[in-house]
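Open your viewer and get your selection tool ready. We will go from stop to stop, and at each one I will say what to select and what is there.

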Amino acid sequence: MKTGRLQFRVLLLAEKRPLSFNFKVKYAVSFFFPLFSFLARHIGTAALIFTLWANACAADAPVPTDAENMMLIELHGNNPEERDRLPSLVLTSQIIFRVLAAEIALQRYLFAPAYQAYLALARETHDPRMAQRASEIALDAHSPSDALAAVRIWRRDAPHSRRAARFEARLLVLSGQPDAAQRSLERVLALKPDDEDAALLLAQLGPEQRRQAINTLRAAVEHHPAAHKARLALAQLYLSNQQPDDALREFQALHVQHPDDPAPLMGIARVCLEQKRLDAAEENLRQYLHMAPPDADTGQAYLYLAFIAAEKDNTAQAMQWLDKISPASSRHIPAWLARAQLLAQSGRIDEARALLARLKSSDPKIQVLIARIDSALLLETQRNMEAEERLAQAYQVWPDAPELIYDYAMAAERNGHYARMEMLLRRLIDLQPDQPEAYNALGYALADRSQQLNQAQQLIEKAVQRAPDNPYFLDSLGWVKYRLGNIEEATALLQRAYQIEPHAEIGAHLGEVLWKQGQQEEARRIWRDAQRIEPDNATLCETMQRFLGQP
C-alpha cells in the first residue's frame with residue numbers, strides 16, 4: 001500500500017508529542033496514509049548569523065546584549081553550565097562569511113553545502129554550536145546518518161551536554177539503533193532522574209521503555225513534588241500510555257500547586273478532548289483564556305475551541321474562534337489553514353483555494369506547504385490534472401523539497417503518468433536513501449501493475465527493513481508476494497498488517513489472498529469488517545465487485 005491517498009485535513013488538535021506549555025508549538029498539516037503526512041517546521045535562522053557566537057569572542061569583545069543572550073539561551077537551552085563551557089571563539093570576518101553563505105544555501109534548499117560548511121567550521125573551531133547546527137540541517141534534510149556524524153562531533157566538543165546526548169539518542173532511533181539510544185538516555189537519567197526531555201525520548205522507544213520512563217519520572221515527582229516540568233512530562237506520558245485518568249490527576253495536582261498558572265488548565269482540556277468530553281474541555285479552555293496574561297500566545301486554546309465547535313457542526317462558531325488568533329501567534333498559520341479546511345468541508349473549494357493564495361510567507365517551507373495543500377484540495381474534487389500541474393509548478397521552484405516530490409509522484413500516478421511517477425520516486429530515493437516511503441511507494445506501484453515484480457519486492461523489502469512494523473509496508477510486501485505466487489508468505493504478512501492496522505485496503509488485499517486459498521467464508525468476514533471501517537474505499541469496492549459481483 002502506498003503511504004498516500006491525497007486526502008486533506010488540518011490538525012486542529014495538538015500534535016501527538018509532549019505538551020509544550022510555553023506554546024512555542026510548531027504547526028502540522030497531515031495527510032499521511034490514510035492521509036499524506038507533511039510537517040512544515042519553522043527554522044529560526046535570521047538572528048543566528050550575527051549573534052550565535054557573540055559571547056564567545058575574545059576578551060576585548062563587547063558585552064553581549066540581552067537579545068544576544070536570549071538567542072544563546074534559545075539555541076543552547078537554559079543550562080548556564082553548558083554555556084560556561086563554550087570555547088573562546090574569535091568571530092572573524094571569514095567565519096561570518098562562511099556562516100552567511102551556509103544560511104543562504106539553506107534558504108535555497110541546498111542542504112548539502114550548508115551542512116558541509118557547518119561541519120567544517122565545527123572541526124576547525126571545536127565550537128559545539130557549529131556541530132549542533134550541522135546536525136539540525138542534516139535532520140531537516142532527512143539524513144539521520146549525516147546528522148549522527150555531526151552530533152558525535154558535538155558530543156566530543158561538549159561531553160557534558162545532556163542536550164547533545166538527547167539529540168544523539170533521537171538520531172540513533174532514526175538510524176535503527178534503539179538499543180544504543182536507550183543506553184544513552186539511561187545515562188542521562190542516571191545523572192538527572194527528572195530530566196523530562198530524556199524521559200520523553202526514552203518513552204518513544206516502545207511500550208516497555210515508556211513504562212520505564214513513567215516509573216523514573218513518577219519516582220522523581222514523588223521525591224520532589226514541586227518538580228513542575230517533570231510532573232508535566234509525567235502527565236504527557238500517561239496520556240500517550242492511554243492512562244487519561246492518571247494524566248488528569250497530575251494536571252489537577254499542578255493546578256492545585258500553582259492556582260495562578262493557567263498552563264495546567266490546557267492540559268486538563270487536552271485530557272477532556274481525548275475523552276470526548278467536549279463541554280468540559282471548552283470550560284477549561286475558557287478558564288485558561290480568562291487567566292492567561294495579556295502577552296500570552298493563546299492561539300492553541302483558540303484552535304482547540306475551533307475544533308470543538310467543528311465537532312459540534314458549528315462551522316460559524318469555529319470560524320469565530322479562529323478569527324481570534326492574532327497574526328503574531330505561533331498558531332496563526334494553522335488557523336489560516338484551518339479556515340481553508342472548514343471552507344473545503346463546506347464544499348467551497350474555490351474559496352478555500354483563494355484563502356490559501358492570500359497566505360503570504362517568505363519561508364520556502366510554508367510556500368511548499370501551501371502548494372501541497374492547494375493540490376490536495378484539487379484532488380478532493382477530482383481535479384487531478386490541475387493538481388498535478390500545480391505540483392509541477394511548485395517543483396520547478398523547489399526541486400529538492402522531499403514532501404513535494406512525493407506528492408507530485410502520487411498525483412502523476414493518479415493521472416496514469418507512470419514514467420514521471422517513477423522518475424520522481426527514484427529521485428526521492430537518491431535524495432533520502434534512509435527514508436522508507438519512496439521505496440515502498442515505487443515498489444507497490446510496480447507490484448500493483450504486475451510489473452518488474454522482483455525489483456518491486458526488493459524495493460519494498462528495503463522499506464520494511466527500515467520500518468519493520470509499518471502496516472502499510474507489510475501490506476505492500478504481502479501484495480507483491482501474492483503477485484509472485486508466494487501465497488502462504490503473503491497471507492502471513494497481510495494478516496500481520498491487518499492486525500496492526502485494520503485498514504480497508506489492507507482488508508481488501510487480505511480477503512483476496514484468503515479467497516485464492518479457498519477460505520471464502522473468512523475472506524467474506526474480512527471484507528465485511530473492512531466495509532464497516534471504510535465502506536467507500538475504492539480498492540475494497542473493486543475487490544468485492546470482482547469476487548462477489550457486488551461492492
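## Loops, helices and a few residues to click

Start by selecting H142, which sits in the loop between helix 6 and helix 7 (144-157). Keep in mind on this tour that you are looking at a predicted model. Display the backbone torsions here: H142 is not a glycine, yet its phi is positive, near 60 degrees. Is H142 buried, partly exposed or exposed? H142 counts as partly exposed, because its relative accessibility is 23% and the partly exposed class runs between 20% and 50%.

Now step back to H126, in the loop between helix 5 (111-125) and helix 6 (128-140). H126 is another non-glycine residue with a positive phi, about 60 degrees in this case. Its surface class is partly exposed, with a relative accessible area of 42%.

Next, select S135, which is placed in helix 6. S135 has 0% relative accessibility, so it counts as buried. Which residues is S135 in contact with, once neighbours within four places in sequence are left aside? Show A147, A150, V151, W154 and F167 as sticks, and you have the answer.

**Zoom out for a moment**

Colour the protein chain by secondary structure: there are 30 helices and three strands. Then colour by accessibility: of the 551 residues in the protein chain, 53% are buried. If you like contact maps, here is a value to compare with yours: among contacts in the protein chain with a separation of 6 or more, 55% are between residues 24 or more positions apart.

**From K276 to G299**

Select K276, in the loop between helix 14 (263-274) and helix 15 (278-291). K276 is exposed, since its relative accessibility is 65% and exposed means over 50%. Draw a distance from its C-alpha atom to that of I308: the two residues are 32 places apart along the chain, and the separation is 9.6 Å.

Go on to G299, which lies in helix 16 (residues 299-311). G299 is buried, with a relative accessible area of 2%. Leaving out neighbours within four places in sequence, the residues in contact with G299 are I325, S329 and R331. A second distance to draw is the one between the C-alpha atoms of G299 and P334, which comes to 9.3 Å for residues 35 apart along the chain.

**A pair of helices: 17 and 18**

Select residues 315-323 for helix 17 and residues 332-345 for helix 18; these helices pack at an angle of about 165 degrees, and their axes are 10 Å apart. That angle makes the two helices roughly antiparallel, since the class takes angles over 145 degrees. The crossing of helix 17 with helix 18 is left-handed. To see the contact, show T315, A318, M319, L322 and D323 from helix 17 together with A335, A338, R339, L342 and L343 from helix 18. Coloured by class, this contact of helix 17 with helix 18 has seven nonpolar, one polar and two charged residues.

Stay here and pick R339, which belongs to helix 18. Is R339 buried or exposed? R339 is buried, at a relative accessible area of 13%. Setting aside residues up to four places away in sequence, R339 touches M319, L322, D323 and L355.

**Another pair: 26 and 28**

Move to helix 26 (residues 471-483) and helix 28 (residues 504-516), which pack at an angle of about 30 degrees with axes 10 Å apart. Helix 26 and helix 28 are therefore roughly parallel, as angles under 35 degrees are classed that way. Helix 26 passes helix 28 in a left-handed crossing. Show P471, Y472, D475, W479 and Y482 on helix 26, then E505, I506, H509, E512, V513 and K516 on helix 28, to display the contact. By class, the contact of helix 26 with helix 28 has six nonpolar, one polar and four charged residues.

**Last stop: two cysteines**

Select C272, which counts as buried at 2% relative accessibility. Then select C541, which is partly exposed at 23% relative accessibility. How many disulfides does the model have? The count is zero, taking a disulfide as a pair of cysteine sulfur atoms within 2.5 Å.

Notes: Residues are numbered from 1 along each chain as its sequence is written. This is a predicted model: local features need pLDDT of at least 70, side-chain atom pairs count only at pLDDT 80 or more; totals for chains, interfaces and linings use all residues. Side-chain values use heavy atoms; hydrogens and water are left out. Buried means under 20% relative accessible area, exposed over 50%, partly exposed in between (1.4 Å probe, protein chains only). Axes are lines fitted to C-alpha atoms, for helices over the stretch in contact, and angles run from 0 to 180 degrees between N-to-C directions. Helices (H or I, at least four residues) and strands (E, at least two) are DSSP runs, numbered from the N terminus. Angles under 35 degrees count as roughly parallel, over 145 as roughly antiparallel, 65 to 115 as roughly perpendicular and the rest as oblique. A crossing is left-handed if the near helix is turned anticlockwise from the far one by less than a right angle, and right-handed if clockwise. Contact means heavy atoms within 4.5 Å. Ala, Val, Leu, Ile, Met, Phe, Trp, Tyr, Cys and Pro count as nonpolar, Asp, Glu, Lys and Arg as charged, and the others, Gly among them, as polar.
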